[in-house]
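Student: Could you take me through this one, and hold each label up against its cut-off as we go?
Tutor: Sure, pull it up and we'll start.

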Amino acid sequence: MKFMKKFFIVLFVFATGIIRAQTEPITTANDGKSWTLETKSSIYQIGSSDQGVVGMYYFGNKSQDPTKLRYPLGEEVTVRGGYSATTPMLEIVFKDRVRDVELTYVGSEIQTVDGYKTLVIHQKDKFYPLSVTEYIRVLPEYDLLEKWMEVKNTGKKDMIEIENAQSGTFFLPQNAYELTHLAGIWGYEYQPNVTKLTQGVKTFQVKDFRSFGSSFFAVRPEGEQMETCGEVWFGSLQYSGNWRMDLEKYPRGELQVTGGINFWDQSLMLKPGKSFTTPKMIIGYTCRGMEGVSQNLASYTREKILYPSHRSKVRPVLYNSWYATTFDVNEEHQLALAKIAKELGVEIFVIDDGWFKGRINDKGGLGDWTVDKNKFPNGLQPMIDKINAMGLDFGIWIEPEMVNPNSDLYRTHPDWVFHYPNRTRHEGRNQLMLNLAREDVYQYLYDSFSKLLRENNIKFIKWDMNKSLTDPVFPSAPSDEQRAVRIKYVENLYRLLETLRAEFPDVWFENCASGGGRVDLGMMARTDFSWASDNTDPVERTFIQYAFLNAFPSNSMISWVTHEDWHKQNHPLEFKFDVSMCGVLGVGYDITKWTDKEKAVAREKIARYKEIRETVHNGDLYRLVSPYENNRSVLQFVNKAKTEAVVFVYNLAEYPDNAILQTKRSKLIKLRGLQPEVSYKVEGIDGTYKGAQLMDIGIQFPVRGAFKSGIFKICLLYTSP
Ligand code: GLA
């Protein structure tokens with residue numbers, strides 16, 4: 001690689017004594033200054049030159065010959081300084097206004113962080129009291145690395161200003177690349193956006209705390225977009241709030257991928273002796289196409305990210321009363337809904353918005369987290385007791401970070417909201433955002449919700465957030481902390497969630513932000529599942545869910561069956577259930593109005609869902625047919641033992657048989673991930689099939705007509721020995 005040569009004089013060759021034991025995820029060369037990180041299918045090579053420059057040499061397929069890696073592609077921690085040829089991870093201003101950083105290698109060690117080997121590389125500035133510690137944690141079984149960085153002011157008297165501190169970066173060699181990322185708007189979250197990476201920088205970012213997309217990225221050589229094979233570099237950030245991803249394509253064709261907190265309109269002042277640690281950036285490599293990407297990310301999120309105590313618990317079937325009642329809630333109607341929900345097989349009953357003081361519509365009440373005595377004169381617990389007596393757990397909706405101007409909280413503490421003096425105040429949905437960076441706001445929210453949870457037998461919280469961040473001013477903070485308000489806010493948001501979870505370990509937490517406005521690994525680490533979209537139209541959901549499942553596991557995706565019908569299509573109830581059953585199933589209809597026939601459908605579907613949810617939630621996903629390329633979508637989940645698979649078929653259009661050629665669509669669906677040599681039985685279809693037959697020839701599922709669907713369980717046929 002030539003473009004970095006002028007910045008490095010490389011006297012470093014990997015052939016000199018790399019000790020590569022296959023079982024060790026991190027190996028150090030004899031010189032003690034070069035390392036190989038190894039996952040199932042990738043290697044990541046790092047080395048420090050004799051001049052003390054720590055560079056990355058390679059990230060990709062492990063069949064690469066290390067002796068060929070003579071030149072670094074770029075620095076491990078890119079800085080503003082010197083030639084400034086790359087996207088900087090670190091931009092610093094020292095007391096004397098010097099803005100240039102020069103890092104040099106100090107030492108390294110291998111630590112074990114939560115059971116995984118982690119390479120720790122220490123660097124420091126050549127002159128100023130600044131140390132930079134980079135962490136790279138290797139998760140071999142997921143083909144993933146986690147990168148993060150700690151920046152420390154090692155001085156005794158002067159502050160250091162951090163204008164930018166990204167979580168991680170990596171370089172890819174000269175090639176033509178394209179990117180898939182998931183972007184969206186309210187109601188149309190996570191739409192796959194595919195773009196060529198041409199010379200320049202492609203940035204996707206969040207400035208206002210809600211993205212309706214994701215920091216997920218997947219980069220591959222241009223033209224090689226394949227679901228089931230091909231090289232892909234991928235990853236995501238473990239951060240909520242404002243983040244950014246930058247993909248910079250250099251004139252000679254190299255690509256740099258950098259991600260972390262979005263330092264737009266913010267900076268951090270580091271006092272002497274203090275340090276700042278970035279959130280994590282997750283990066284991975286697979287040669288198994290987008291299938292490898294989604295399987296690795298899903299397994300990692302399911303097993304290492306989702307809130308630990310609930311990770312492996314069976315997700316309950318829930319009923320949520322929002323669509324049935326909106327703000328008009330009362331005990332009698334809620335109990336009527338709960339009674340029917342129980343008969344249908346629901347396991348948790350959740351009351352949504354409207355239960356707290358003054359909340360008759362969206363114009364008031366937010367912030368006053370006590371029960372509305374007009375609607376519930378005896379409080380919530382008597383109703384919860386009756387719901388519990390039916391055999392249902394009880395859950396509740398909250399929106400902690402917000403306040404309506406029409407609330408006691410706002411009247412008492414108008415200074416708690418974000419609002420610049422002399423500037424227009426930006427309301428959204430008649431509400432304002434609390435400055436959660438403030439300790440008193442944090443304490444108020446902690447007190448309100450710990451009390452609510454202590455006094456009522458609540459087993460499920462739906463945590464909503466329905467307004468973009470605007471006017472983020474923090475006048476009561478010392479001036480040197482004011483521009484770190486967003487970072488402090490996110491710290492306190494995480495702290496609040498973590499404190500409540502630790503204190504109420506039996507409670508499930510759902511993450512919602514006007515639908516899927518804030519779905520990321522940072523929120524996932526503190527919750528159990530996310531509301532993917534306010535759009536519950538089953539056809540729209542087929543698309544949204546197909547994309548969501550590229551980045552996140554199915555047990556983290558809540559999906560309700562509702563009466564919402566965005567295109568006036570009147571879709572069959574069976575179809576709606578089938579669409580919701582590939583995630584965490586919920587029901588949101590006014591079920592008191594359901595006919596016996598509708599109730600029978602729901603009962604049967606919920607019972608069926610309970611039979612398949614183990615495989616759907618914990619199995620590997622194979623996205624067999626994309627709705628973005630066909631007029632149908634087919635998803636297959638296979639359990640880890642490969643003894644059971646569940647296939648979801650969603651037809652989005654009617655195809656007469658003689659149109660097959662025109663639509664380029666075979667009737668046969670080729671399954672994936674089964675054991676080739678053993679026999680399987682496909683529910684609803686006669687005969688037995690060898691795994692190889694199902695995978696190489698395929699099978700025709702009996703689903704005919706538009707907006708028709710089917711769920712097929714495929715089980716290993718056990719023969720007696
Ligand atoms: C948001 C959520 C909905 C519902 C309402 C309640 O819009 O996305 O599911 O909870 O708030 O006000």
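Student: Where is Ser-514 found?
Tutor: Ser-514 is in the loop between β29 and α8. Helices and strands here are DSSP runs (H or I over at least four residues for helices, E over at least two for strands), numbered from the N terminus. One caveat up front: this is a predicted model, with local features needing pLDDT of at least 70 and side-chain atom pairs counting only at pLDDT 80 or more, while totals for chains, interfaces and linings use all residues. Residues are numbered from 1 along each chain as its sequence is written, and side-chain values use heavy atoms, with hydrogens and water left out.

Student: Why is Ser-514 called buried?
Tutor: Buried means under 20% relative accessible area, exposed means over 50%, and partly exposed is in between (1.4 Å probe, protein chains only). Ser-514 has 9%, so it counts as buried.

Student: What is notable about the phi of Ser-514?
Tutor: Phi of Ser-514 is near 50 degrees, a positive value in a residue other than glycine. Most residues other than glycine have a negative phi. Ser-84 also has a phi near 50 degrees, and it sits in the loop between β5 (74-75) and β6 (90-93).

Student: What makes Ser-84 partly exposed?
Tutor: Its relative accessible area is 44%, so Ser-84 gets the partly exposed label.

Student: Back to the loop after β29: how do you know whether Arg-518 is buried or exposed?
Tutor: Arg-518 lies between β29 (508-511) and α8 (521-524). Its relative accessible area is 3%, so it is buried. Contact means heavy atoms within 4.5 Å, and leaving aside neighbours within four places in sequence, Arg-518 has such contacts with residues including Phe-209, Glu-401, Trp-463 and Met-523.

Student: And why is Arg-486 called buried?
Tutor: Arg-486 has a relative accessible area of 4%, so the buried label applies. Arg-486 is found in helix α7. Not counting residues up to four places away in sequence, it touches Lys-207, Phe-209, Tyr-239 and Asp-265, among others.

Student: What does the side chain of Arg-486 reach at 3.1 Å?
Tutor: The backbone oxygen of Asp-265. A polar contact is a pair of N or O atoms within 3.5 Å; within protein, one must be able to donate a hydrogen and the other to accept it, and residues adjacent in sequence count only if both atoms are side-chain atoms.

Student: Which residue has its side chain in polar contact with that of Lys-304?
Tutor: Tyr-116, at 3.5 Å. Lys-304 is placed in helix α1 (residues 289-305). With a relative accessible area of 32%, Lys-304 is partly exposed, because that value falls between the two cut-offs. Arg-311 is among the residues in contact with Lys-304.

Student: Where is Arg-311 found?
Tutor: In the loop between α1 and β23 (318-320). A polar atom of the Arg-311 side chain lies 3.0 Å from the backbone oxygen of Glu-303. Arg-311 and Ala-525 are 214 residues apart along the chain, and their C-alpha atoms are separated by 9.9 Å.

Student: What makes a set of residues a nonpolar core?
Tutor: The members are buried Ala, Val, Leu, Ile, Met, Phe, Trp, Tyr and Cys residues, joined through side-chain atoms within 4.5 Å. The largest such core has 199 residues, and Trp-355 and Phe-648 have the most contacts inside it. Helix α7 (residues 485-503) gives the largest share, 9 residues. Apart from it lies another core of 23 residues, including Val-638 and Phe-712.

Student: Which residues come nearest the ligand?
Tutor: Of the 13 residues around the ligand, the nearest are Asp-352, Asp-353, Arg-429, Lys-462 and Asp-534. Being near takes one heavy atom within 4 Å. A side-chain N or O atom of Asp-534 is 2.6 Å from a ligand oxygen, and a polar side-chain atom of Arg-429 lies 2.9 Å from one. For Gly-515, a backbone N or O atom lies 3.2 Å from a ligand oxygen.

Student: What is the mean pLDDT of the protein?
Tutor: The mean is 94, and 95% of the residues reach 70 or more. pLDDT is the predictor's confidence in each residue, from 0 to 100. Over residues 1-21 the value is below 50.
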